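Please examine the sequence and the three-dimensional structure shown below. The paragraphs that follow lead through the pockets, the strands and the interior in turn.

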Amino acid sequence: MTHAMLKGSNVPLEATTVRAVLRWTPGQGVPDVDASALLLGPDGRVRADEDFVFYNQPRHPSGKVWWLGKKRVSEGPTDTIQTDLAGVEPEVSQILLVASAEDVTFDRVPGLRILLYDAAVADAEPLAYFDVAPQTGQETALICGELYRRGEGWKFRALGEGYTNGLKGLATDYGITVDETDSPSPEISHPLPPEQPPAFPTQPAYGYPQPAPQPTYGYPQQQSGYGYPPPVSPPLDPDFRLPPQGPQFIRV
């Protein structure tokens, strides 16, 4: 039996592994929707950045929550998160199931629905579904629902809570360190040391001559030093005399 959920309602889950499928109606101007999951401890926050499962970090280190990726079915495009509820670490008390739209508001995403399936049963009817209606339409991220512990079992609650500052704002609220880049999609930050420019020697290597200076006004200069012999002056002519300097050079 498929449960049609209302906002705030919950349903017990007997399945040990569930697929949470986001589905929406395609069309002109409709953005792509991304599914993600946050694993929260008893304090309602993640224990580490690795508790955030999404397309840039598709598998939790425990191997019990993973992103399956996008598909296109007859009803529309989908994006999916799968969870092995029986194997989730006991320190995790709830798992948020999130939709985000790359900074595009959800008033442009018609027919958004989250469906829960028993992953162990092929081609089964959904266990439950919830039509997610944003409250204002200006949300860019939505907590569609949550998987949470109740005694020895698990339940699903329909939520539909929105954020206007996108997946970054939502993830930060729950303790995720988000890299502040120009990309519309968040990334777990792992800062790298800045690259240093390579150092180039400014002095010539020993034993190698410096480049010859350029000629001055078209006349080559003689080289000296760095292996070149010093310039040699021509011998003086003993009979050389300067021309007479006198009034013959003055025009009247």
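The second largest pocket holds about 170 Å³ of space. A pocket here is an open set of points, on a 1 Å grid over the protein atoms alone, with protein on both sides within 12 Å along at least five of seven lines; a cavity is a set of points where a 1.4 Å probe fits but cannot get out; lining residues have an atom within 4 Å of a point. Grid points are joined across faces, edges and corners, and a volume is the space filled by probe spheres set on the points. The model is a predicted one, in which local features need pLDDT of at least 70 and side-chain atom pairs count only at pLDDT 80 or more, while totals for chains, interfaces and linings use all residues. Residues are numbered from 1 along each chain as its sequence is written, and side-chain values use heavy atoms, with hydrogens and water left out.

The lining of this second largest pocket consists of Met1, Thr2, His3, Val11, Pro12, Leu13, Glu14, Ala15, Glu125, Pro126, Leu127 and Ala128. Strand β2 provides the largest share, 3 residues. By class, the lining comprises 8 nonpolar, 2 polar and 2 charged residues; Ala, Val, Leu, Ile, Met, Phe, Trp, Tyr, Cys and Pro count as nonpolar, Asp, Glu, Lys and Arg as charged, and the others, Gly among them, as polar.

The largest pocket has a volume of about 410 Å³. Of its 16 lining residues, Arg19, Val21, Lys71, Val73 and Tyr117 lie nearest its centre. At least two lining residues come from each of β3 (17–23), β6 (65–73), β7 (76–84) and β9 (113–118), and β6 gives the most, with 5 residues. This lining divides into 7 nonpolar, 3 polar and 6 charged residues.

The strands that border these spaces belong to a protein chain with 12 strands and 1 helix. Helices (H or I, at least four residues) and strands (E, at least two) are DSSP runs, numbered from the N terminus. Along the sequence, the pattern is β-β-β-β-β-β-β-β-β-β-β-β-α.

Six of the strands form an open sheet in the order β2-β12-β11-β8-β4-β5, with antiparallel pairing. Because β2 (10–13) and β5 stand at the edges with a single partner strand each, one side of each is left without a neighbour in the sheet. Two strands are said to pair if DSSP finds at least two bridges between them. Strands of a sheet pair through backbone hydrogen bonds, either parallel or antiparallel. At the β5 edge, β4 and β5 pair over 2 bridges in the antiparallel sense, and Ala37 has Val53 in β5 as its bridge partner.

Strand β8 pairs with β4 over 7 antiparallel bridges, and 7 bridges also join β8 to β11, again antiparallel. Among the bridge partners, Ser36 is matched with Val98 in β8, and Leu97 with Gly145 in β11. Since 7 of the 7 residues of β8 are buried, this strand is largely enclosed by the rest of the structure. Buried means under 20% relative accessible area, exposed over 50%, and partly exposed in between (1.4 Å probe, protein chains only). In a regular strand the side chains alternate between the two faces of the sheet. In β8, Gln94, Leu96, Val98 and Ser100 point one way, and Ile95, Leu97 and Ala99 the other.

Leu97 and Val98 also line the largest cavity, together with Ala20, Val21, Leu22, Ala35, Ser36, Ile81 and Ile114. This cavity holds about 40 Å³ of space. Strand β3 gives the most to its lining, with 3 residues, and the lining has 8 nonpolar, 1 polar and no charged residues.

What do the buried residues of helix α1 pack against? They pack against β4 (34–40), β5 (52–53), β8 (94–100), β11 (141–150) and β12 (153–163). Helix α1 (residues 166–173) is mostly covered, with 6 of its 8 residues buried: Gly166, Leu167, Lys168, Gly169, Leu170 and Ala171. Just after α1, Gly175 takes a positive phi of about 100°.

Asp84 lies in strand β7 and counts as buried because its relative accessibility is 17%. Leaving aside residues up to four places away in sequence, Asp84 touches Thr16, Thr17, Lys64 and Trp66, where contact means heavy atoms within 4.5 Å. Over the protein chain, buried residues make up 38% of the 252 residues.
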